[in-house]
Structure formats: C-alpha cells, structure tokens
Amino acid sequence: MATKVFQKFDEELFLKILNTLKDPIWILDNKGNVLFVNQAVYENFSSIQIDELIGQNVMEMEERGLFSPSMARLVIEQKQFISTTQITQNNIPTLVSSDYIPDENGDIQYIVTHARELSKAINQSSELEKIELILQRYKQQIRQLILQKNQQDEDFYVGKSKATQHISKWSQKVADIDTTILLTGETGVGKTAFAYQIHQLSSRNNKPFIHLDCGAIPESLIESELFGYKKGAFTGANASGKLGLIAAADQGTLFLDEIGEFPFHLQSKLLQFLQNKTYRMIGDNQVQQADVRIIAATNVNLLERIKEGTFRKDLYYRLNILPMEIPPLRERKEDIIPLLNFYLSKFNKKYGRQHTLSKILMDTLYHYSWEGNVRELENLMERLVITSDRPKIDIEDLPSDFPLQQSRQILLENVEEISLPIYLEEIEKNIIMKTYNETNSTWKTAKKLGVSQSYITRRLKKFNLKISGKKLVEN
C-alpha cells in the first residue's frame with residue numbers, strides 16, 4: 001500500500017532501504033497527510049493496521065492522542081527544522097526531528113520525520129547531530145529521485161555512459177559540500193547540465209541558479225553585471241542603481257561559465273569574494289555580503305593562461321578545490337544513441353512531428369567524431385526534424401555542410417559492428433533515392449546508375465519505396 005501511494009518516486013530499492021531502518025520514518029505532504037511510513041512505525045503503533053496510516057492527517061492523529069506534539073504541524077507553522085521530545089500513545093518519550101523539502105518556490109513540498117526512543121540515545125546533543133545528518137541524507141536521496149523524474153519529464157538529459165555516470169555519482173557526493181567546483185572540458189560537452197545537476201542535488205536547490213557566460217559579455221560590462229552598481233556610479237548608469245548577479249544568486253548557486261575569459265583586472269575582486277563572500281558594488285564603499293556557491297567552468301587550459309599572464313595563479317587554486325573534467329562525446333560513445341533518441345523525441349514534440357531515424361543514419365552518427373559534442377548533436381537533430389519531409393530521417397536528409405564522407409569512412413572502418421548485407425542494402429537504397437530525387441524518373445535513374453529500369457522497379461518494391469509527388473520516399 002505504501003509503495004502504491006508513494007508511487008511518485010517509484011523507487012522500490014529506496015523504499016526497501018527505509019524499511020530496513022529500526023527508527024520510525026514518516027514522509028508527509030505539505031498538509032500533513034501521510035504518504036509513506038517505514039515498517040518501524042507500525043511496530044510503535046501496533047494497534048494501527050498498515051493501510052490505516054497511509055492517507056491519514058497527522059494533525060488529526062495528534063488530536064486523537066496518538067502522539068504530542070505533531071512535528072508536521074510545527075514544521076508547517078514555523079517552516080524550519082524542528083527537533084523535540086514527543087510523547088506517543090504508549091507514554092514513551094521519543095526524540096523526534098522533522099524537516100521539509102521545498103518546492104521550486106521555496107514552499108513546503110514534503111515533510112520528513114525521524115524518531116528514536118530517548119532511552120536508546122546515549123547523548124542527546126550528539127544524537128541530534130546524528131539525526132540531522134540522517135535527515136540530510138534522506139533529503140538528498142529524495143532530491144535525487146525528484147531530479148531523475150525531472151530528467152524523464154522535462155528538457156534535461158545527462159547521459160548513461162560509464163564516464164557520465166561516474167560524474168553523476170561524483171556530483172551527488174559534492175552537492176552538499178559548500179565549496180567551489182571547477183568543471184573542465186571541450187565546448188558543448190555538457191558542463192552547464194552538470195552544474196545544474198549539482199545545484200539541484202544540493203540544499204540550495206530551491207534557490208536561484210544563475211548562469212553567467214564570462215566570454216559572452218563585453219569586458220566593460222562584466223563588472224557591473226556581476227557586482228552591480230549604486231545609482232550615479234557612472235555616466236549612463238540606471239538612475240536607481242542595479243543589483244549584480246552575485247546579489248541575485250544569494251543563497252543559491254552562481255555558475256561562471258568560460259571563467260578563462262574573465263578579465264584579468266577584475267580577478268582580484270572575484271578572488272576576494274571567493275575567500276570572504278564579500279564584495280563592493282561599483283560606486284559604493286560599503287562592503288556587501290552574499291551566501292553564494294560558485295561553480296566555474298572552462299574549455300581552456302587555465303595553467304597555460306597562468307603562464308601567459310592572463311589568469312591569476314591564486315584565483316586558479318581557489319577555483320580548483322573540487323575539479324572535474326568532463327570527457328568529449330567521442331570518448332563516451334554510449335551516450336550518442338540515447339542522446340539522438342532524446343533530442344529526436346524532444347524536437348518531435350516541439351514541432352509536432354513523428355520522425356524516426358534510419359538504421360544507417362544512426363550508425364553513421366554513432367561513428368561521427370562530434371567535434372562540437374552534445375551541443376552539435378542537439379543542433380543537428382533539431383535541424384533534421386524541421387527540414388526532413390519524410391517520416392524516416394535518412395542520410396540524404398543530412399545538411400550539405402555535414403562531413404558525410406568522414407562519417408562514411410569511419411563507418412566502413414567499423415563495418416563489422418553491423419550486418420554487412422543490411423549495410424549494403426541501406427547504401428543501395430540511399431543511392432537510388434538520391435538519384436531518383438535528382439532525375440524524377442526511373443528510366444533516367446537506371447541509366448545514370450548503369451542498370452535496367454526493371455532492376456530499379458524491383459528495388460523500389462524490395463525497399464518499400466513509393467513515389468510521392470516528385471519525390472521517392474519510404475512507404
């Protein structure tokens with residue numbers, strides 16, 4: 001019953017883990033209605049059947065004398081972590097801690113409560129610390145489940161290769177370690193996606209995630225964008241002044257993309273903020289404070305920039321506390337096919353299409369080098385979905401500037417990975433379709449390819465091709 005009611009998470013293993021714990025665990029919605037309780041709860045409330053607890057409101061249970069006080073009521077009223085002694089129906093004093101998981105607006109979405117008999121606690125203060133850590137682990141696991149659900153339901157994809165899963169696990173480890181992270185890798189590998197994943201897994205997930213591309217903003221403007229300015233700070237400034245992105249990201253995460261392009265003369269000011277969480281707005285002598293977690297990213301070698309004298313060594317070491325290199329797409333090829341399917345589905349939905357990809361096209365794109373990485377793949381799939389006239393997208397639908405010859409050569413070198421007859425038939429089918437669509441005649445197609453017209457007619461039937469308008473398409 002608990003699994004059915006709590007199906008939003010649909011994680012059987014997660015529920016099994018909670019049921020192995022000897023301490024009672026309650027998970028409630030923002031009204032105090034019970035969504036899930038582990039097996040230990042039933043042992044404490046032996047007079048209540050399993051099915052009777054799910055869906056009940058704990059404030060009503062408090063009124064019936066099952067326990068006092070209701071932790072959910074206190075959390076809803078005070079909107080903060082609560083830890084206190086609770087008396088149950090068995091007159092057993094219990095140390096209970098409760099906290100909430102916020103939604104994207106910061107409002108209560110779920111309430112998680114942990115209980116333990118005081119007699120089992122050796123030291124109450126140290127036990128409170130342990131319980132807070134336990135609750136933090138529970139909250140992060142639930143955040144992970146919510147993030148996984150969002151990845152399935154929304155426009156978000158990371159990857160399934162061993163390399164990508166390694167980075168995802170690393171992201172989970174460092175998410176709640178509130179220090180600076182430096183992501184490195186080629187352009188388009190997904191650094192922004194991983195930065196956002198870290199933010200979503202952290203305790204800051206209900207606060208702003210601000211993205212600043214240091215290479216996209218003119219050097220003359222980046223200081224005012226980042227730090228803000230007071231009114232009248234300079235000619236042309238907004239009359240009322242302007243808050244910077246650091247202030248906008250307070251309590252949240254600031255993602256500094258392309259940090260290697262950050263102006264040298266401002267690097268000392270950024271370093272001061274990283275060290276002290278303090279800064280000054282332009283035109284202001286007053287020191288401001290902001291609680292901001294910094295994630296930086298770059299596609300250049302910062303050590304080379306240090307040698308060139310364009311990047312401060314002390315700033316590099318301050319940024320490089322938790323480094324992670326994200327490999328290029330060509331080195332995590334297991335991600336290519338899932339990414340192709342993901343973006344095909346995304347753009348089919350966006351543009352109201354029902355395209356599929358041919359086997360030969362999938363093989364060709366799998367063996368392509370993807371110098372632009374995930375960004376190049378995404379852009380290509382959007383272009384193909386928009387421009388293709390046929391339900392099944394094939395090689396001939398690739399844009400004229402796509403390096404098809406390179407892909408074919410790579411595919412030929414890896415031909416043992418697919419069935420040779422299928423490979424040759426796909427090549428022949430694409431040649432016939434391309435030639436016919438140039439000549440608009442089976443007779444001219446046969447002449448140009450050096451075969452008989454009856455041969456072309458038989459091939460059209462074999463490959464299930466038909467003439468639609470002046471085009472040859474798959475039936």
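## Cores, helices and rings in a predicted model

Leaving aside its neighbours within four places in sequence, isoleucine 259 is in contact with Leu182, Cys214, Leu270, Ala296, Ala297, Thr298, Leu302, Phe311 and Leu319. The model in which these contacts are found is a predicted one.

Isoleucine 259 also belongs to the largest nonpolar core, a set of 31 residues, where Ile259 is listed together with Leu226, Ile246, Leu254 and Leu256 as having the most contacts inside the core. Several helices and strands each supply at least two residues of this core, namely the strands β8 (209–213), β11 (253–257) and β14 (293–298) and the helices α10 (219–227), α11 (245–248), α12 (267–276), α13 (302–308) and α14 (313–319). Of these elements, α12 gives the most to the core, with four residues. Apart from this core lies another, made of 25 residues, and among them are Leu361, Leu380, Met381 and Leu398.

Turning to helix packing, how do α20 and α21 lie relative to each other? The axes of helix α20, which covers residues 442–449, and helix α21, which covers residues 453–462, come within 8 Å and cross at roughly 110°. Angles of 65 to 115 degrees count as roughly perpendicular, and α20 and α21 are therefore roughly perpendicular to each other. On the side of α20 the contact is made by Thr442, Trp443, Thr445, Ala446 and Leu449, while α21 takes part through Gln453, Ile456 and Leu460. Sorted by class, the contact of α20 with α21 has five nonpolar residues, three polar residues and no charged ones.

Aromatic rings give another view of the structure, since a search of the whole of it finds nine aromatic pairs. One of these pairs is formed by tyrosine 343 and phenylalanine 347, which are stacked, with 6.2 Å from centre to centre and 20° between the planes. Why are tyrosine 343 and phenylalanine 347 separated by about one helical turn? The two residues are four residues apart in helix α15 (residues 336–351), and so about one helical turn separates them. Both tyrosine 343 and phenylalanine 347 are buried, and ring pairs link these two with Phe342 and Tyr351 into a cluster.

Four single residues can be set side by side by place and accessibility.

| Residue | Place | Relative accessibility |
|---|---|---|
| Lysine 277 | loop between α12 and β12 (278–279) | 28%, partly exposed |
| Tryptophan 370 | loop between α16 (359–366) and α17 (373–387) | 0%, buried |
| Arginine 375 | helix α17 | 43%, partly exposed |
| Lysine 434 | helix α19 (residues 420–439) | 45%, partly exposed |

The two loop residues in the table are also marked by their backbone angles, for lysine 277 has a phi near 60°, a positive value in a residue other than glycine, and tryptophan 370, although it is not a glycine, has a positive phi of about 50°.

The two helix residues can be described through partners elsewhere in the chain. Arginine 375 and valine 189 are 186 residues apart along the chain, yet their C-alpha atoms are separated by 7.2 Å. Leaving aside its neighbours within four places in sequence, arginine 375 is in contact with Thr187 and Gly188. In the case of lysine 434 and aspartate 397, which are 37 residues apart along the chain, the C-alpha atoms are separated by 9.8 Å.

How values were computed. Residues numbered from 1 in each chain as written. Predicted model: local features only at pLDDT ≥ 70, side-chain atom pairs only at ≥ 80, totals over all residues. Heavy atoms only, no water. Axes fitted to C-alpha atoms, helices over the stretch in contact; angles between N-to-C directions. Parallel < 35°, antiparallel > 145°, perpendicular 65-115°, else oblique. Contact = heavy atoms within 4.5 Å. Nonpolar A, V, L, I, M, F, W, Y, C, P; charged D, E, K, R; others polar. Core = buried A, V, L, I, M, F, W, Y, C linked by side-chain atoms within 4.5 Å. Buried < 20%, exposed > 50% of the residue type's maximum accessible area, 1.4 Å probe, protein only. Phe/Tyr/Trp six-rings, centres within 6.5 Å; stacked < 30°, edge-to-face > 60°.
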